[in-house]
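I sat down with a fresh page to see how this chain is put together. Here are my notes, in the order I looked things up.

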Amino acid sequence: MPKLCAIPGDGIGQEVIPASVTILQAALPNLEIVEAEAGWGCFEKHGVSVLPETLDQIRACGAGLFGAVSSPSRKVTGYGSAILTMRQELNLYANIRPVQSWPRVSPRPDVNMIIVRENSEGLYVGKEQSDGETAVAQRIITKQASKRIGQKTAELVRQLGRQKVTIVHKANVLPLSDGLFRDAVRQEIERLCPETEIDELLVDVAALKMVAAPETFDVIVTTNLFGDILSDAAAHWGGGLGLAASLNWGNGLAIAEPVHGSAPDIAGQGIANPLAAVLSTALLARFVWNLGDVASRLETAVQQTLATEIYPQLTTTRAIQQAVLDSLA
């Protein structure tokens, strides 16, 4: 029986996670739900952004669904980002961001790409120092982590029957670090998916193609910072960040997460769109629980909801939730 640790977090996470869980349970009635705490509100209450028991519950379930975090805009002693903490503590080393065209909301009809982002190192290791005049941030790339993300990319390619992988890097300027990443990733994909076409792009060229010809991409694999930037840019073609789903994926563990953030300007008004959270649950169904039929049902229900003539009039979380439920029925 699949188990899910639901973590609403802050802001509109408190609204979209319950809605998406209700929809997921309609598609997967035997799903067992456990609720847990994480985020800024958790820090204010308990002094930590992620409770140890929350990490234990995610490990026990094997899957989590996290809503959003309202991180402060100033340095707060003892506070660390909830999602970064969960990624690090649970070794969720791959970030999966699918981007596809949806009815009505997408500006182009033929986009269908997946961005695989190395999720554990690069510039996001948090190793900075400054003397007030010069600030230095370490960018760490290891062969082990690069091979690992290459293996995860190959796993995804095999599972989805994808045809082409583009390795994005900046090895012309960073030949040691990005060269190591590129070579290790290519080696693993060639070893595990010998029939797959592999090409490379410098990140600046990839950014141009992301704007000019997004339909030419199939699977992209890249480093942490480059993946963060490119996946947010690519979200434009899928209707924007408000519809962007993601999966933080490791070995036997994963946390799905809508990308939109906590949106404090609309939190508590009941108008947050839950579709990104619903699409994030579909990623759990497909990749973690191996329930491709459930994932397809959820994605089809979202597509039908977006395509309906009344979608522009669905202005509340509850109304969109009901429209998706009606499409699932």
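The entries below cover the sheet, the helices and the cysteines of what is a predicted model.

**Entry 1: the sheet**

I began with the strands and traced an open sheet of 10 of them, with mixed pairing. Reading across, I wrote down the order β2-β1-β3-β12-β11-β4-β5-β10-β8-β9. Which strands stand at the edges? I found β2 (32-35) and β9 (197-202) there, and each has a single partner strand, so one side of each is left without a neighbour in the sheet. I also looked up the twist: neighbouring strands are turned by 25 degrees against each other on average, direction ignored.

Next I zoomed in on the β2 edge. Strand β1 (residues 3-9) pairs with β2 in the parallel sense, over four bridges. Within this pairing I noted Cys5, which stands opposite Val34 in β2. I marked Cys5 for a later entry.

**Entry 2: helices across the sheet**

I then asked what lies across β5, β8, β9 and β10. Helix α7 (residues 203-212) does, running at about 105 degrees to β9. Helix α6 (residues 177-192) also lies across β5 (112-118), β8 (164-169), β9 and β10 (219-222). For α6 I noted an angle of about 165 degrees to β8.

**Entry 3: α5 against α6**

How do α5 and α6 pack? I read off an angle of about 40 degrees for helix α5 (residues 143-160) and α6, with their axes 8 Å apart. The crossing of the two is right-handed.

I went through the residues that meet here. From α5 they include Ile149, Gly150, Thr153, Ala154 and Arg158. From α6 they include Leu180, Phe181, Ala184, Val185 and Glu188. Sorting the whole contact by class, I got eight nonpolar, four polar and five charged residues.

**Entry 4: the cysteines**

Back to Cys5, as promised. How many disulfides does the structure hold? I found zero. Why is there no bond between Cys5 and Cys61? The Cys61 sulfur is the closest cysteine sulfur to that of Cys5, but the two are 5.3 Å apart, too far for a bond. The cut-off I used is 2.5 Å between the sulfur atoms. Looking from the other end, I saw that the closest cysteine sulfur to Cys61 is in Cys5.

Are these cysteines buried or exposed? Cys5 is buried, with a relative accessible area of 0%. Cys61 is buried as well, because its relative accessible area of 14% falls under the 20% limit.

Key:
Residues numbered from 1 in each chain as written. Predicted model: local features only at pLDDT ≥ 70, side-chain atom pairs only at ≥ 80, totals over all residues. Heavy atoms only, no water. Pairing = 2+ DSSP bridges. Axes fitted to C-alpha atoms, helices over the stretch in contact; angles between N-to-C directions. Contact = heavy atoms within 4.5 Å. Left-handed = near helix turned anticlockwise from the far one by under 90°. Nonpolar A, V, L, I, M, F, W, Y, C, P; charged D, E, K, R; others polar. Buried < 20%, exposed > 50% of the residue type's maximum accessible area, 1.4 Å probe, protein only.
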